[in-house]
Amino acid sequence: MKAMKITMLTDGFPVLFAKQLSQAAAAYTSEIRIIWEERNIISDVKSILGLMALETKKGTILTLTIDGSDEEQAIELGKLFE
Amino acid sequence: MEQTKLKFSEKLGYGVGDMASNLIWTSAATFLTFFYTDIVGFSAAAVGTLLLIARFFDAFVDIGVGVLVDKTRSKHGKARPWLLWLAIPFGISGVLLFSAPDLGPTGSLIYAYVTYLLINIIYSGANVPYGVLNSLITQDPYERSLLNIFRMVMAIFGAVAVSTLTVPIVNGFGGGKHGWTMTFMIYGVLAAVLFLITFRTTKERVKPSVVQNVVPLRRSLKALFRNKYWAMLVAFMMLSFIMSSVNTAVNIYYAQYILEDVNLMSVLSIISFIPMLIGLLLIAPIIKKFGKRNSAIIGLVITIVGALITMIDPTNLTIVIIASVTKSLGGVPLAATMFAMLADTVEYGEWKTGMRTEGLVYSAGSFGSKAGSGLGAAIVGWMLAFGGYVGGQEHISESARSSILFMYIYLPIIISALMVVILYFYKLDKQFPQIVKELEEAKNM
């Protein structure tokens, strides 16, 4: 299991970013989740609707967790938040 | 963005669907009470209860239909199949409604409940998908307005036709129960044919961009309440329907007690119909130039001016006519744009939440308009009571007179101003091209 902190660059997940992220995540077999501790919400990163349901603000801090055989590679997803 | 210019035949084909609705629905609204009390012989109280129960029932049916439309995936599309399925049942239910088989007093009343609730269900089942269809035919915001204008013009023709022709046709068939049933056979056949024309001539082109599969209701409801422009439009439509239903209901009191001639009521109605019809035929270039929201604001300002004109001398018929024509012209942009704006909130919702739920957006929107009509009618009653109005007298008290003047002049000003405030925050016209572009990109990713 890998985890990293990510910081939102936008208010919420705009449709194009959500699509890009969910598609990129779908390429891995690992379970990939975003945890929003403040609100107690866990979203499946492979689900575009799950991402778009997160009403974060710009600067909100989230945790990206990856659990599975290709977690070493999948942690690359964090780069999409840079 | 798909910039297909729709053919005249498709726009007309869409428009006649609302004529179909009006042939049965407006005639039911206009004549059913009379039919029940004077032809069938029910008491007015029994009829009142029936209509009230149906109204409550109706609101829920609408939302249910909206949810079903969102789940529909047929080879004919999402909304169109409903027109195909329900065109003929709609016509038949109209005939059943205006038939009164001899079943004894209890039996007749049960028959009335069954047939009236049945037509409510079928009407919702056709009318909600019909509204949704606008958002599925095209994504071009201007073409959506044009579709809506065709719809409104056809609806007015239908309404005028049934209000003027029904009684002569009924009498032509010899009047009585037989006359009414025969008349509605004609209306029923026409309505079915017109709905089928809408089915045949229109095409659903807009497909979801983000998710294709059906979204569970719990999620789509949550998404609906994140759609701020939808919420604004529901409030906007509610206010608009309050205003028009107060206006309709207060006309007769205004004619009777302010202008002191009750016969002027029909004059007041006609002079609000004709400018509306002419205005709708001419409004398209204005919407093209200024957009829906700005056109609506212009219309509301004109409505306020119309109400202010009345103040010059509320008892002078010439001034009241000039004011009514002005108010009616101010209403044109609203009639032309309101449902088209509602259609645009479908894309905003999809862009914001990923879920495209035309059925829910429309049915919950029309819930607002129905609540508004109901509230408007109630407001008239409350205001008259507040003014100490007592009916059936030669003269009314000064405070009752003030109530009528308030509803005729000041209430439209207040409501129009509130509507302008809502539109001030409504920026979807500007954002819309970018939203459609991003949805298109997301679809192709």
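In this predicted model, helix 8 of chain B packs against helix 11 of chain B through Tyr229(B), Trp230(B), Leu233(B), Met237(B) and Ser240(B) on the helix 8 side. Their partners in helix 11 are Leu334(B), Met338(B), Met341(B), Leu342(B), Thr345(B), Tyr348(B) and Gly349(B). The axes of helix 8 and helix 11 (residues 317-353) of chain B come within 9 Å and cross at roughly 160 degrees. Because angles over 145 degrees count as roughly antiparallel, helix 8 of chain B is roughly antiparallel to helix 11 of chain B. The crossing of these two helices of chain B is left-handed.

The largest nonpolar core has 148 residues. Phe90(B), Ala126(B), Ala191(B), Phe195(B), Leu280(B) and Ile404(B) have the most contacts inside this core. Helix 8 (residues 228-258) of chain B is its main contributor, giving 17 residues. Domain 1 (8-204) and domain 2 (224-444) of chain B each supply at least three residues to this core. Leaving aside residues up to four places away in sequence, Ile404(B) touches Val250(B), Tyr253(B), Tyr254(B), Tyr257(B) and Ile258(B).

Most residues other than glycine have a negative phi. Two residues with a positive phi are tabulated below.

| Residue | Phi | Loop position |
|---|---|---|
| Asn40(A) | about 65 degrees | between strand 2 (31-36) and strand 3 (41-44) of chain A |
| Glu260(B) | about 60 degrees | between helix 8 and helix 9 (264-282) of chain B |

Are these loop residues buried or exposed? Asn40(A) is exposed, with 7 other C-beta atoms within 10 Å. Glu260(B) also counts as exposed, with 12 C-beta neighbours inside 10 Å.

Definitions and conventions
Residues are numbered from 1 along each chain as its sequence is written. Chains are lettered from A and ligands numbered from 1 in the order in which they are written. This is a predicted model: local features need pLDDT of at least 70, side-chain atom pairs count only at pLDDT 80 or more; totals for chains, interfaces and linings use all residues. A nonpolar core is a set of buried Ala, Val, Leu, Ile, Met, Phe, Trp, Tyr and Cys residues joined through C-beta atoms within 7 Å. A residue is buried if 20 or more other C-beta atoms lie within 10 Å of its own, exposed if 12 or fewer, and partly exposed in between; C-beta atoms are placed from the backbone. Helices (H or I, at least four residues) and strands (E, at least two) are DSSP runs, numbered from the N terminus. Domain bounds come from an automatic or database domain assignment. Two residues are in contact if their C-beta atoms, placed from the backbone, lie within 7 Å. Axes are lines fitted to C-alpha atoms, for helices over the stretch in contact, and angles run from 0 to 180 degrees between N-to-C directions. Angles under 35 degrees count as roughly parallel, over 145 as roughly antiparallel, 65 to 115 as roughly perpendicular and the rest as oblique. A crossing is left-handed if the near helix is turned anticlockwise from the far one by less than a right angle, and right-handed if clockwise.
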